[in-house]
Structures are given as structure tokens and as C-alpha cells.
Amino acid sequence: MRILDLTLNGFRNYESFRCEFDPGVNLIVGENAQGKTNLLEAICYLSRGAAFRTRKEAELIRFGAEFAELSAQVESYGRQQSLRAVMFAGRRPRQLYLSGVKKNTREELDGVLNTVLFCPEDLLILKKGAAERRKLLDDALCQLRPKYAKALEEYKRLLAQKAAALRDQYERPGMLELLPDYNERMAQTGAILISTRAKYLLQLEQRAAEHHNAFSGGKEQLRLAYQTVSTVTDPTAPALELYRQLKEHQQSHYRAELESMQCLSGPHKDDFEASLNGLPMKAFGSQGQTRTAAISLKLAERDIFEADTGELPVLLLDDVLSELDPGRQDFVLNQIRRGQVFITCCEREKLTQIGKTIQIENGAIL
Ligand code: ATP
Ligand code: MG
């Protein structure tokens with residue numbers, strides 16, 4: 001998959017912008033607040049039909065402008081197509097077009113241009129709380145496996161209902177009668193979540209470890225260990241077995257859930273632990289190691305996507321170079337040789353030998 005060119009009118013700080021891209025590495029250089037991240041945001045918007053930094057579409061429209069227009073030529077599955085999005089300052093809903101044909105939902109653009117985005121907040125994903133890592137797994141799996149997306153949605157709905165029943169058990173005791181039903185369905189959908197996550201994590205570990213090893217010059221071995229409900233002995237076991245083990249956990253926590261008025265059983269607290277050469281990263285990982293491992297996870301996510309769909313997503317790396325030593329910076333700039341990559345950075349002296357450097361100043365190409 002790749003983007004051939006991009007045209008922006010009235011998007012963020014871009015009044016009118018047009019640029020053709022390299023099929024390999026595109027290095028976007030400029031000082032702070034010149035529009036580097038905005039450019040990645042535009043690409044992301046065309047890829048997903050939604051912005052990654054804001055939910056408010058109005059913020060994407062250049063101050064004082066009536067509308068914003070984004071368009072790109074993209075190539076995927078051997079076909080060239082055009083993507084276009086227009087958003088308006090007033091109440092008029094935004095419009096999406098694929099090769100000139102208006103589309104009503106963003107799902108209709110699925111598979112035309114896939115992107116894997118890595119932004120500064122992601123650098124600390126292995127240091128932060130479990131929720132961030134769960135989101136990493138869930139986001140990737142929801143894109144790859146429609147069955148997983150459905151199960152996750154149902155599980156979250158059941159969890160909210162069960163949590164409300166436990167919380168309001170004195171005000172509305174009748175709700176407790178529904179607990180066995182919630183538990184039953186949560187064990188069924190929970191088993192799907194666990195087995196899918198466990199299998200995906202094995203793939204992720206294998207590929208991320210290869211990237212991390214190359215990144216660190218062969219010195220560091222990355223491992224990922226899935227952590228789920230304690231009664232689950234083998235998370236890759238068949239769903240029926242997982243279902244039984246989840247029921248067992250629910251039963252042993254029945255009293256505790258009523259007393260704490262909280263939902264204590266199920267895969268909604270899942271996590272995975274990353275370690276380097278046997279040492280858990282959360283406690284012992286250095287800044288650079290943590291960042292490198294996080295980038296390796298994203299590269300692995302991209303590989304798996306390719307293995308599943310046959311197309312390599314476009315990689316968007318926002319500001320990832322700053323805390324890496326020269327060897328690791330070189331890896332990002334020169335060793336990710338597959339597919340199309342966009343990398344933003346501030347230092348002008350950063351050079352890539354294998355692509356194009358685009359200098360941005362105040363929403364324009366220098
Ligand atoms: P850094 O190196 O600090 O990350 P950057 O080059 O990535 O900088 P961006 O985040 O792309 O910077 O652009 C930020 C600039 O865009 C800000 O100065 C902001 O005021 C401007 N900007 C954001 N939204 C709009 C808008 N709707 N209209 C006009 N300008 C905007
Ligand atoms: Mg930026």
C-alpha cells in the first residue's frame with residue numbers, strides 16, 4: 001500500500017498544499033509547530049475517516065476557512081484509487097469519496113489505505129498501565145478480525161450491565177437476578193477474547209523480537225507474556241476449555257464480587273508483560289529500550305497485517321527519533337526498508353539514504 005500524492009486545502013495550518021511521495025521513506029523535517037504532525041494527521045484521516053488527535057472535526061479546518069479538503073492518490077491490491085474528504089465549518093456533515101464516488105460510512109473505505117500510526121504517547125506503552133496495552137491488542141484485532149470486534153463489543157456491554165447490577169444491588173436488588181445470565185454470556189465471549197488475544201500475542205512476540213533484536217544490534221531479546229484470568233492454564237486452549245475455566249473463576253469470586261460491588265472476574269483486566277533478556281521492562285527498561293521495544297511492537301503489528309491481508313500498511317512515525325541513540329535512529333531512518341514510511345523530526349541534519357526529505361515551514365514545503 002502506498003500514497004502517491006496528497007493535496008490539502010484549508011486543513012489545519014495548510015492553506016493549499018500538494019506533494020508527491022516516495023514509495024519508501026519520507027522524512028518530514030521542520031521546526032516545532034510548522035505542520036509536521038498535521039501532515040500525518042491528514043494521511044491518517046484519509047485512511048480511517050477519523051482524526052487521531054481530536055474528535056472535533058471543526059478543529060481540523062483552518063482558522064477562518066469555510067471548509068477543509070483532503071485528497072490523495074493511493075495504490076493498494078494492484079489498483080490505483082483516489083480518496084477525498086471534505087469537512088465543513090457549519091453543521092453540514094463531512095463527505096467521503098472513493099475514486100469520485102460518495103461513500104456514506106467510513107467502513108466503506110476499509111482496506112483502501114491502511115496505516116499504522118506511532119506517536120510520542122505510544123513510546124511509553126510498555127511503562128504505562130494495563131489499559132494501554134490492552135488497547136493496543138484490541139485496536140489491532142478489531143481491524144483484523146470482525147468476529148473479535150463483535151465479541152469485544154458484546155463483552156463491554158455485558159460488563160457495563162453487570163457492573164451496574166453489582167453497584168446498585170441495594171437500590172435495585174432485582175437486577176441481581178440477572179447476574180447468572182451476564183456471567184454465562186461473559187464466559188462465552190470472554191473465551192473468544194482470550195484465545196484470540198493469546199494467539200495474536202504469540203505472533204506479535206515472534207515478529208517484534210526480530211525487529212527489536214536488529215534494532216539493538218543483536219544485544220536484546222524481547223519477550224511478551226500474556227496475563228489473563230488466573231484459572232486459565234493455557235490461553236491458547238480451545239474456547240470450550242477457556243469457557244469452563246472462566247466459569248470456575250466466576251464461581252470462586254461470586255461472594256467477593258457482591259461484597260466489593262465490583263466485577264472481579266473476566267478478561268477485562270488482561271495485560272501482557274514485556275521483558276528484555278529476562279528483565280521485566282516496566283521495572284528495568286531504560287528510556288531508549290522502552291521506546292525501541294514499543295516501535296518494534298508497531299512494526300510487528302504491520303507485519304501481521306501484511307501476512308493476513310497481503311498488503312503492507314503505510315507506517316506513520318511521529319517524532320520517534322528524539323530519545324534514541326544514533327544506532328537506533330539509523331535503524332528507524334534506514335533499516336525499515338519495506339513498504340512506505342513517513343517519519344517526522346525536527347533536526348534538519350537527520351538524513352535518510354533511501355527516500356525523500358520534505359521540509360515543512362508554516363504549512364508549506366520549503
Ligand atoms: P512539533 O515539532 O512541535 O511536534 P509540528 O510541526 O508537528 O510541531 P503540528 O502539530 O503539525 O506541528 O502543527 C501545529 C500548528 O498548527 C500549531 O501552531 C497550530 O496552531 C496550528 N494549527 C492547528 N490547527 C489549526 C487550524 N485549525 N488552523 C490553523 N492552524 C492550526
Ligand atoms: Mg508534531
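Ala, Val, Leu, Ile, Met, Phe, Trp, Tyr, Cys and Pro count here as nonpolar, Asp, Glu, Lys and Arg as charged, and the others, Gly among them, as polar. With that sorted, the second largest pocket of this predicted model has a lining of 2 nonpolar, 6 polar and 4 charged residues. The pocket's volume comes to about 160 Å³. Its lining is made up of N32, A33, Q34, G35, K36, T37, N38, R53, D318, D319, T344 and C346. Helix α1, residues 36–48, chips in the most, with 3 residues.

Helix α1 is also home to E41. This residue is tucked away: E41 has a relative accessible area of 0%, so it counts as buried. Setting aside neighbours within four places in sequence, E41 is in contact with F11, R12, A51, F52, R53, T54 and L60. Of these contacts, R53 turns up again in the lining of the second largest pocket.

R12, another contact of E41, belongs to the hairpin of β1 and β2, where it takes a positive phi near 45°. That hairpin has 2 residues between its strands. Strand β1 (residues 2–11) and strand β2 (residues 14–20) run antiparallel and are joined by 6 bridges. As for individual pairings, L8 has F17 in β2 as its bridge partner.

Next come the closed spaces. Searching the whole structure turns up 2 cavities of 30 Å³ or more. The largest has a volume of about 70 Å³, and the residues around it are N114, T115, V116, A140, Q143, L144, Y200, E301, F305 and P313. At least two of these residues come from each of β8 (115–118), α2 (130–144) and α8, with α2 giving the most, 3 residues. Sorted by class, the lining has 6 nonpolar, 3 polar and 1 charged.

The second largest cavity holds about 50 Å³ of space. Around it sit Y155, M186, A187, G190, L246, Q250, S265, G266 and P267. Two or more lining residues come from each of α4 and α5 (239–252), and α4 has the largest share, 3 residues. This lining has no charged residues at all, just 5 nonpolar and 4 polar ones.

Finally, there is helix α9, which spans residues 326–335. Its buried residues are R328, Q329, F331, V332, L333 and N334. What covers them includes three strands, β3 (25–29), β12 (314–318) and β13 (341–345), along with the helices α4 (179–215) and α8 (287–309). Both of these helices have already come up: α8 in the lining of the largest cavity, and α4 in that of the second largest.

Terms used:
Residues are numbered from 1 along each chain as its sequence is written. Chains are lettered from A and ligands numbered from 1 in the order in which they are written. This is a predicted model: local features need pLDDT of at least 70, side-chain atom pairs count only at pLDDT 80 or more; totals for chains, interfaces and linings use all residues. Side-chain values use heavy atoms; hydrogens and water are left out. Buried means under 20% relative accessible area, exposed over 50%, partly exposed in between (1.4 Å probe, protein chains only). Helices (H or I, at least four residues) and strands (E, at least two) are DSSP runs, numbered from the N terminus. Contact means heavy atoms within 4.5 Å. Two strands pair if DSSP finds at least two bridges between them. On a 1 Å grid over the protein atoms alone, a cavity is a set of points where a 1.4 Å probe fits but cannot get out, and a pocket is an open set with protein on both sides within 12 Å along at least five of seven lines; lining residues have an atom within 4 Å of a point. Grid points are joined across faces, edges and corners, and a volume is the space filled by probe spheres set on the points.
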